[in-house]
Amino acid sequence: MGNLLVQREEALPEAPPNISLKEKIGYGFGDFASQLLFAAAMTFLSYFYTDVIGINAGIIGTLMLITRILDAFIDLGIGAMVDKTKSRHGKARPWLLWMSGPFALSGILLFTVPDTNMTLIIVYVYFTYILMNFIYSSINVPYGVLNSMMTQDAYQRSLLNIFRMSLATMGALLINYFTLPLVKAFGGGQQGWVISFVIFGLLGAFFFLVTFFSTKETVTPSVVQKQIPFKRAFGALLRNKYWKLILGFAVVYFINNSIGTGMNVYYARYVLHDADLVGVLGLSLLAPSLLGYAILSPIVKRIGKRNSSIIGSLLLILGSLVIAVSPANLAVVCSGLIVKALGHAAILGTFFAMLADTIEYGEWKTGMRTEGLVYSAGSFGTKAGGGLGAAFIGWGLAIGGYVGGQASISASALWSIHFMFIYFPILLAALQIVFLAFYKLDKIFPNIVEELQTVKSSH
């Protein structure tokens with residue numbers, strides 16, 4: 001067993017492994033709430049900035065990169081704060097109560113850009129985007145931690161994750177299909193965007209509160225620990241090889257995911273020649289995921305989380321190759337996106353459960369259980385990947401000479417849209433498989449949990 005060199009006191013009661021259906025659905029609503037603002041930012045924010053506000057695409061790409069560098073420090077800080085949180089609601093749940101309102105407000109501010117000179121607009125855009133990501137960390141890191149605090153049973157965690165991603169997909173579908181029609185219904189232009197996101201923000205705050213009231217924390221450390229200094233906890237985290245692998249995988253995958261969603265509106269407008277088709281593309285990329293989640297549970301039980309995720313990455317490659325056969329044919333594009341949707345379901349349905357498993361590995365290896373710091377990888381991977389994906393979109397469009405708001409674009413700009421939508425995702429999916437090839441925790445996890453439970457029962 002790993003070095004359990006921590007302060008030991010009397011044993012704590014073992015948490016029951018089974019979770020009620022009410023809790024699973026309640027937990028899933030947290031990611032539904034996240035998608036109402038975060039998926040909207042990933043899908044439409046670059047387009048809003050370039051084509052509605054008129055900001056240069058290269059400037060937007062740089063904004064996304066700078067924000068993600070800051071996020072590396074923000075997420076670690078939030079993770080450390082979650083680990084030190086003690087309240088009658090637990091260590092993760094109270095953050096959902098505290099931050100649901102600020103998260104909704106930060107999303108609304110993103111689209112409330114003042115009508116002033118371009119310098120002040122860029123300053124405002126930087127400030128509000130950084131603010132949104134800081135608040136997103138403050139609610140999403142503890143939301144992720146909550147999975148590991150509800151059960152130590154690996155299969156139950158997988159089920160929680162499947163519920164989470166199923167409801168996240170429903171939220172993303174809502175955003176993809178209804179955002180542009182809502183914007184038009186409320187008068188179009190910036191006014192339409194602001195009113196739409198007031199509605200999305202209020203709904204997001206409500207569903208985070210649903211998660212807060214319908215879940216409970218039951219998992220305790222194998223041995224009671226005194227407060228762990230940040231430097232020591234972070235050092236232990238860096239000795240967790242599976243956490244580092246999952247972090248690398250997360251960054252690459254969420255770059256891929258962000259490009260897939262962020263390029264939809266450009267691809268619909270300039271390759272398929274109808275911006276309103278973004279809803280159809282979003283539906284093709286998301287709706288089949290629900291089928292994927294429905295059939296994923298027995299697959300994970302049979303072949304494990306890692307192998308399911310590898311299959312998902314292969315499906316992403318296959319879907320892109322289908323699109324490449326006839327890039328301007330809507331039926332072919334939608335067919336490729338349906339294949340990719342099943343791949344995303346296999347990955348997202350297992351990723352956060354794999355991340356949760358690295359908590360027990362770290363506790364077994366180092367004797368320190370730091371859920372908050374471990375889950376900062378999930379939030380950082382989501383945001384770093386999402387931000388870098390958006391940055392690549394901005395830079396790729398700028399390299400191609402794209403100018404927003406025009407009826408037609410240059411051949412080089414059109415090629416950059418093709419490359420970012422079809423071929424770059426293939427390279428990223430191949431890199432995902434490289435990271436997963438080294439992840440072997442599925443095989444040894446049951447023995448690790450058994451040893452930790454033995455330590456808990458003997459003290």
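Among contacts in the protein chain between residues at least 6 apart in sequence, what share joins residues at least 24 apart? The share is 86%, where contact means heavy atoms within 4.5 Å.

**View 1. The whole protein chain, a predicted model with 15 helices and zero strands.** This is a predicted model, in which local features need pLDDT of at least 70 and side-chain atom pairs count only at pLDDT 80 or more, whereas totals for chains, interfaces and linings use all residues. Residues are numbered from 1 along each chain as its sequence is written, and side-chain values use heavy atoms, with hydrogens and water left out. Helices (H or I, at least four residues) and strands (E, at least two) are DSSP runs, numbered from the N terminus. Along the principal axes, the C-alpha atoms of the protein chain fill a box of roughly 70 × 45 × 35 Å. The radius of gyration of the protein chain is 22 Å, which agrees with the value near 23 Å for a compact globule of 459 residues; this radius is taken over C-alpha atoms, and the globule rule is 2.2 Å times the number of residues to the power 0.38. Of the 459 residues in the protein chain, 61% are buried, where buried means under 20% relative accessible area, exposed over 50%, and partly exposed in between (1.4 Å probe, protein chains only).

**View 2. Helix α8, residues 241-262.** Helix α8 has 22 residues and spans 32 Å from its first C-alpha to its last, close to the expected 32 Å, a figure obtained as 1.5 Å times one less than the number of residues. The helix is mostly covered, with 19 of its 22 residues buried.

**View 3. Ser46 in helix α1.** Ser46, which lies in the helix formed by residues 21-53, is buried, with a relative accessible area of 9%. When neighbours within four places in sequence are left aside, the residues in contact with Ser46 are Ala41, Ile60, Met64, Tyr266 and Ala390.

**View 4. Lys305 in helix α11.** Helix α11 covers residues 305-325 and includes Lys305, a residue that is buried with a relative accessible area of 7%. Not counting residues up to four places away in sequence, Lys305 touches several residues, among them Ala154, Ser158, Asp357 and Asp442.

**View 5. His344 in helix α12.** His344 belongs to the helix of residues 330-366 and is buried, with a relative accessible area of 8%. Leaving aside neighbours within four places in sequence, its contacts include Tyr253, Asn257, Leu285 and Tyr293. Although His344 and Gly292 are 52 residues apart in sequence, their C-alpha atoms are 8.5 Å apart in space.

**View 6. Met81 in helix α2.** Met81 is found in the helix of residues 57-84 and is partly exposed, with a relative accessible area of 43%. From C-alpha to C-alpha, Met81 and Pro142 are 9.6 Å apart in space, while 61 residues separate them in sequence.

**View 7. His273 in the loop between α9 and α10.** The loop that holds His273 runs between α9 (264-270) and α10 (278-303), and His273 is exposed, with a relative accessible area of 63%. His273 has a positive phi of about 65° although it is not a glycine. Most residues other than glycine have a negative phi.
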